[in-house]
Every structure is written in structure tokens, then in C-alpha cells.
Amino acid sequence: MVNKNPSLSGDDLSGDELLAVLEALSNPHRLKIISILAKERQYVSQLARAVQMSRPLLYMHLQKLEAAGLVTSELELSEDGKSMKYYELKPFDIRLTKELIAKSVNTLTIKKKGE
């Protein structure tokens with residue numbers, strides 16, 4: 001399968017996007033999901049068994065990873081007509097440096113308390 005998704009690079013991220021990636025990567029369950037998807041794309045039930053997690057909880061983690069641009073999903077029909085949602089890891093190369101952080105701060109939305 002040809003990956004139609006461009007690579008995610010730290011140089012292309014806004015401050016808000018960088019923060020979303022860092023938040024997505026700050027969870028051990030999501031790191032495990034990434035490690036599994038790094039080997040091959042998987043459908044939800046298969047992935048839920050691999051990470052030993054309920055599908056609703058897995059979906060929550062996958063939504064966070066997808067919102068950060070780290071994974072992508074695709075709905076496919078199996079041979080028996082069942083709808084199967086596959087998840088795939090998008091290529092990424094984010095090098096966290098003081099320069100990247102300094103640049104990203106200029107495009108970071110800082111919310112005031114109570115917003």
C-alpha cells in the first residue's frame with residue numbers, strides 16, 4: 001500500500017501543532033499503539049487485542065493520535081462485507097531542539113485561566 005500522507009516534520013509545525021504532538025506522545029498507551037503501528041497497519045479489533053484495551057478506550061487514544069497528525073485511518077470493506085477501520089502510522093521526524101521550541105512559541109495559542 002502506498003502511503004498518501006506526507007511526512008510530519010518538526011520544521012513544519014506551528015506551536016499549537018507541536019504541543020498536540022507532545023501531548024499525544026506523553027501517554028504510555030499511545031506510545032505502545034505507535035510501536036505496534038510502526039510494524040504494520042491494523043484494524044481496530046486487532047489493535048485492541050494487541051494493546052489489551054477496550055475498543056472505546058482505544059478509540060479515545062487513536063483520536064488523540066490522529067488529531068496530532070501521527071496516525072491516519074481508512075474504512076475498508078472485508079470480503080464478507082464487514083466494515084473495518086484500519087489505522088496506520090504516518091511518517092514523522094520531529095527533533096525537539098531549543099530552536100524549534102523558540103520558533104514554535106511564536107505561533108502558540110496561550111489560553112488564559114478560565115478559558
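At 37% relative accessibility, D93 comes out as partly exposed. D93 pairs with R95 in a salt bridge, with N and O 3.1 Å apart, and R95 is exposed at 61% relative accessible area. This is a predicted model, and the pair is one of three salt bridges that the structure holds. The rest of this briefing looks at the other bridges, then at helix α4 and what packs against it.

**Salt bridges**

- Here's the general idea: side chains of opposite charge can pair when their charged atoms come close.
- K64 and E23 join their side chains in a salt bridge, at 3.8 Å from N to O. Since K64 sits in helix α4 and E23 in helix α1, this pair ties together parts that are 41 residues apart in sequence.
- K64 is partly exposed, with 34% relative accessible area, and E23 is partly exposed too, at 38%.
- R41 and E76 make another bridge, and their closest N and O atoms are 2.9 Å apart. R41 is in the loop between α2 and β2 (42-43) while E76 is in strand β3, so the two tie together parts 35 residues apart in sequence.
- For R41 the relative accessible area is 26%, which means partly exposed. E76 also counts as partly exposed, at 24% relative accessibility.

**Helix α4, end to end**

- Helix α4 takes in residues 55-67, 13 residues in total. How far apart should its ends be at 1.5 Å a residue? The expected span is 18 Å, and the end C-alpha atoms are indeed 18 Å apart, so the two agree.
- After α4 comes G69, and its phi is positive, near 85°.

**The two sides of α4**

- Which residues of α4 are buried? They are L58, H61, L62 and L65. These cover an arc of only 100° around the axis, so they sit on the same side of α4.
- That fits how helices are built: an α-helix has 3.6 residues a turn, so residues three or four places apart point the same way.
- Flip to the other side of α4 and you find P56, Q63 and A67, which are exposed.
- What covers the buried residues of α4? The cover includes three helices, α1 (15-25), α2 (28-37) and α3 (44-51), along with strands β3 (71-77) and β4 (83-89).

**How α3 meets α4**

- As a rule, two packed helices are described by the angle between their axes and the distance between the axes.
- For α3 and α4, that angle is about 100° and the axes are 10 Å apart. The angle makes α3 roughly perpendicular to α4.
- On the α3 side, the residues that meet α4 are V44, S45, L47, A48 and V51. Their partners in α4 are R55, L58, Y59 and L62.
- Two of those partners, L58 and L62, also appear among the buried residues of α4.

**E88 in strand β4**

- E88 has its place in strand β4. Is this residue buried or exposed? At 19% relative accessibility, E88 counts as buried, because the cut-off for buried is under 20%.
- E88 and I34 are 54 residues apart in sequence, but 9.0 Å apart in space, going C-alpha to C-alpha.

Terms used:
Residues numbered from 1 in each chain as written. Predicted model: local features only at pLDDT ≥ 70, side-chain atom pairs only at ≥ 80, totals over all residues. Heavy atoms only, no water. Helix = DSSP H or I, 4+ residues; strand = E, 2+ residues; numbered from the N terminus. Expected span 1.5 Å × (residues − 1). Buried < 20%, exposed > 50% of the residue type's maximum accessible area, 1.4 Å probe, protein only. Arc of directions from axis to C-beta. Contact = heavy atoms within 4.5 Å. Salt bridge = Lys/Arg side-chain N within 4 Å of Asp/Glu carboxyl O. Axes fitted to C-alpha atoms, helices over the stretch in contact; angles between N-to-C directions. Parallel < 35°, antiparallel > 145°, perpendicular 65-115°, else oblique.
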